[in-house]
Amino acid sequence: MAGNRIGRINEEIQRELANLLRTVKDPRLQGGLVTITHVDTTNDLRYAKIYISALNKDDEKDMMKGLRSASGYLRRELGAALRLRYTPELQFVADDSIQQGAHILEMLRDPSVVKPANPANEHIILEDEK
């Protein structure tokens with residue numbers, strides 16, 4: 001039951017932070033597209049890990065520095081918007097799962113990595129295909 005509540009809080013934090021990121025005036029965050037991929041909050045609501053993915057990987061370090069410097073502002077605004085007993089301390093983490101997924105798709109589409117089906121077995125009809 002408590003996990004369901006934490007899940008709803010994580011979704012709400014993600015939604016509010018996505019709106020708040022547009023209001024941050026740090027020049028390191030103005031240039032690129034920043035996406036919040038996942039939020040993981042502790043059960044006591046003291047800490048929240050915010051997983052961030054940047055469109056331009058070259059500027060990712062600068063964006064992370066900008067987010068860390070704006071974390072106080074974001075936490076204050078988040079506390080005003082959510083009305084929780086404790087506003088969690090925000091910890092920003094770079095998330096490269098989108099790039100990993102794209103790399104796996106690229107490998108799956110490469111015929112030298114993934115071998116095509118055996119053409120000798122094309123005459124076999126499975127029960128599901130009937």
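Here are legends for three close-up views of a predicted model.

**View 1. The largest pocket and what lines it.**
About 220 Å³ of space sits in this pocket. Its lining is made up of Ala18, Leu21, Arg22, Leu29, Gln30, Gly32, Leu33, Val34, Thr35, Ile36 and Leu67. Which elements each supply at least two residues of that lining? They are helix H1 (2-21), helix H2 (27-30) and strand E1 (34-41). E1 chips in the largest share, with 3 residues. Sorted by class, the lining comes out as 7 nonpolar, 3 polar and 1 charged residues.

**View 2. A nonpolar patch on the surface, with Leu105 as one of its members.**
Ile104, Leu105 and Leu108 together make a nonpolar surface patch of about 290 Å². Leu105 belongs to helix H5, which covers residues 97-109. How does Leu105 count, in terms of exposure? Its relative accessibility is 43%, so Leu105 goes down as partly exposed; that label covers the range between under 20% for buried and over 50% for exposed.

**View 3. Ala48 in strand E2, shown with Gln91.**
Strand E2 runs over residues 47-54, and Ala48 has its place there. Is Ala48 buried or exposed? Ala48 counts as buried because its relative accessibility is 0%, and the buried label applies under 20%. Now bring Gln91 into the frame: along the sequence, Ala48 and Gln91 are 43 residues apart. In space, the C-alpha to C-alpha distance between Ala48 and Gln91 is 6.1 Å.

Definitions and conventions
Residues numbered from 1 in each chain as written. Predicted model: local features only at pLDDT ≥ 70, side-chain atom pairs only at ≥ 80, totals over all residues. Heavy atoms only, no water. Patch = residues over 30% accessible without salt bridge, like charges linked within 9 Å, V, L, I, M, F, W, Y side chains within 5 Å. Areas by Shrake-Rupley, 256 points an atom, 1.4 Å probe, with all protein chains shown as cover. Salt bridge = Lys/Arg side-chain N within 4 Å of Asp/Glu carboxyl O. Helix = DSSP H or I, 4+ residues; strand = E, 2+ residues; numbered from the N terminus. Buried < 20%, exposed > 50% of the residue type's maximum accessible area, 1.4 Å probe, protein only. 1 Å grid on protein atoms, 1.4 Å probe; cavity = no way out; pocket = protein on both sides within 12 Å on 5 of 7 lines; lining within 4 Å. Points joined across faces, edges and corners; volume = space filled by probe spheres on them. Nonpolar A, V, L, I, M, F, W, Y, C, P; charged D, E, K, R; others polar.
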